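Student: I am new to this structure and should like to be guided through it by questions. May we begin once it is in view?

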Amino acid sequence: MLIKKAPDIRWSEVTPERLYVNRREFIRASSGAALGALGALAGAAAAGPGVVTPAYAQDALANVRTSAFSTSEKLNSVEDITTYNNFYEFGTDKSDPARYSGRFKPKPWTIAVEGLVNKPGDYALEDFITPQALEERIYRLRCVEAWSMVIPWIGIPLGGVIRRFEPAPKAKFVEFTTVYRPSEMPGQRRPVLEWPYVEGLRLDEATHPLSILAVGLYGRTLLNQSGAPIRLVVPWKYGFKSIKSIVRLRFVEKPPPTSWSLQNSQEYGFYSNVNPEVDHPRWSQARERRIGEFLKRPTAMFNGYGDQVAGLYAGMDLHKYY
Ligand code: MTE
C-alpha cells in the first residue's frame with residue numbers, strides 16, 4: 001500500500017481556522033505572482049482501504065478573488081468536508097470516498113464539449129477554465145439526506161465557461177458526465193447506479209451567476225474524494241446535482257437523463273431544488289442537521305438562495321417539478 005506523504009502540511013495538525021489564515025497570508029504574500037496552480041493540479045495522496053488520505057498533497061491556489069456571493073456562516077472543517085461525503089464511484093458509505101479514492105488519477109485531464117454548440121472539442125483542463133477567474137465562494141451545501149455543510153470552494157462561474165463555447169440557440173439544457181474508470185474507481189465495478197454518473201441543468205440554471213465549477217476548496221486544489229480535478233457546485237439544489245470529476249459537457253434540446261432519477265424517478269426529479277415543502281417520499285425535508293451541530297435547523301427554500309434564483313422557476317409548480 002502506498003501512502004504518499006505531503007512535504008509541508010499534515011492535515012491532522014492544521015485546524016481549519018489556521019489553514020484559512022495561512023491561505024490568506026499566502027495569497028497576500030504571492031499577489032502578483034503567476035498562478036501556476038492549474039498546471040500543477042496534483043493527484044491526491046494515495047490511500048488504501050481503511051486509510052483516510054493522510055495528508056494534503058494538493059497545491060495552494062493563489063490570486064483567488066473573494067466573492068460577494070459568499071455566506072458568512074461558520075465553515076465546516078476540512079475533515080468534515082473531505083471524510084464525510086458521497087461519491088458512489090468509490091463506495092456508498094460516507095467514509096468510502098476518502099478511503100478508496102487514492103488510486104484515482106486526476107491528471108492529466110480532458111473535458112469534451114459536445115452537442116449543440118459552435119465550439120465543440122476536447123479541452124485540456126488548463127484550457128477549459130481560466131485560472132485568472134478563480135474565486136472563493138463560501139456556499140451552504142444541503143444534501144438530500146437532510147444534512148448540510150458550509151464549504152469554502154474555489155471555482156469559476158460556469159456561465160462564463162459555457163458562453164465561451166457558444167451554445168446554439170436550440171440548446172436548452174446541458175448534460176454533465178463523470179469519468180468512467182472502474183480500474184481506479186472501485187464503486188464502478190458494482191451496479192449501484194448506472195455508470196457513468198450523469199447530471200443536467202437547464203441552460204439558464206447553468207449560466208446563473210451562482211453556479212460554479214469548483215477546482216479547489218479551503219485554498220487548495222480538490223482532493224480525489226471531493227471530485228478532483230473539477231466538479232459542479234449548484235448551491236440552491238440538493239448536493240447530488242453537483243456532479244464530480246467531470247469529463248463531458250453536452251448541449252442538448254431536451255432534459256438529459258440524471259443518475260438519481262434513472263435510479264428512482266419517484267424519489268428524484270430533474271430539478272432537485274432544495275424545498276422544505278416537498279418531502280422526499282421516505283423522509284422530511286423540513287429540517288436539516290448541519291454536520292458538527294447537535295440540534296437540527298429549519299431548511300430554507302432554495303437553500304437560502306431564493307432571492308437570487310426564485311425567478312428561474314416563476315410560474316412553475318415546484319411540487320410537480322421536484
Ligand atoms: N458525483 C458523482 N460522480 N458521483 C456521486 O456519487 N454524489 C452526489 C454529488 N456528486 C456523487 C456526485 C451527492 S449524493 C452529493 S450529496 C454530493 O456529490 C456530495 O458532494 P460533496 O459533499 O463532496 O460536496
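**The ligand and its pocket**

Tutor: The ligand takes up the space of the largest pocket. Please bear in mind that this is a predicted model.

Student: What is the volume of the largest pocket?

Tutor: The ligand occupies this pocket, so its place in the model shows where to look. For the largest pocket, the computed volume is about 460 Å³.

Student: Which strand gives the most to the lining of the largest pocket?

Tutor: The lining consists of 29 residues. Nearest the centre of the pocket lie Asn86, Cys143, Gly239, Phe240 and Lys244. With four residues, the greatest contribution to the lining comes from residues 147-157, which form strand S5.

Student: How many residues of the lining are nonpolar, polar and charged?

Tutor: The lining is to be sorted by class. Its charged residues number four and its polar residues six, while the nonpolar ones number 19.

Student: Which residues are closest to the ligand?

Tutor: The shell around the ligand has 16 residues. By class, these are eight nonpolar, five polar and three charged. The closest are Tyr88, Glu89, Thr178, Ser242 and Lys244.

Student: At what distance from an oxygen atom of the ligand does a polar side-chain atom of Lys244 lie?

Tutor: Lys244 appears both among the residues nearest the centre of the pocket and among those closest to the ligand. Its polar side-chain atom is separated from a ligand oxygen atom by 2.8 Å.

Student: What share of the ligand does the protein bury?

Tutor: On its own, the ligand would expose 530 Å². Of that area, the protein buries 98%.

Student: Which atoms of Tyr88 and Thr178 come close to the ligand?

Tutor: For Thr178, an N or O atom of the side chain is 2.9 Å from a nitrogen atom of the ligand. For Tyr88, the partner of a ligand oxygen atom, at 2.7 Å, is a backbone N or O atom.

**Features of the backbone**

Student: Which residue is joined to Pro108 by a cis peptide bond?

Tutor: Pro108 belongs to the loop between helix H3 (96-100) and strand S2 (110-115). Omega is about 0° for the cis bond, and the partner of Pro108 is Lys107.

Student: Where is Pro196, which a cis peptide bond joins to Trp195?

Tutor: The bond between Trp195 and Pro196 has an omega of about -5°. Pro196 lies in the loop between strand S6 (173-178) and strand S7 (198-202).

Student: What is the phi of Asn63?

Tutor: Asn63 sits in the loop between helix H1 (16-29) and strand S1 (65-66). Asn63 is a residue other than glycine, yet its phi is positive, near 55°.

Terms used. Residues are numbered from 1 along each chain as its sequence is written. This is a predicted model: local features need pLDDT of at least 70, side-chain atom pairs count only at pLDDT 80 or more; totals for chains, interfaces and linings use all residues. Side-chain values use heavy atoms; hydrogens and water are left out. On a 1 Å grid over the protein atoms alone, a cavity is a set of points where a 1.4 Å probe fits but cannot get out, and a pocket is an open set with protein on both sides within 12 Å along at least five of seven lines; lining residues have an atom within 4 Å of a point. Grid points are joined across faces, edges and corners, and a volume is the space filled by probe spheres set on the points. Helices (H or I, at least four residues) and strands (E, at least two) are DSSP runs, numbered from the N terminus. Ala, Val, Leu, Ile, Met, Phe, Trp, Tyr, Cys and Pro count as nonpolar, Asp, Glu, Lys and Arg as charged, and the others, Gly among them, as polar. A residue is near a molecule or strand if one of its heavy atoms lies within 4 Å of it. A polar contact is a pair of N or O atoms within 3.5 Å; within protein, one must be able to donate a hydrogen and the other to accept it, and residues adjacent in sequence count only if both atoms are side-chain atoms. Accessible areas come from the Shrake-Rupley method with a 1.4 Å probe; for residues, only the protein chains shown count as cover. A molecule sits in a cavity or pocket if more than half of its atoms lie within 2 Å of its grid points.
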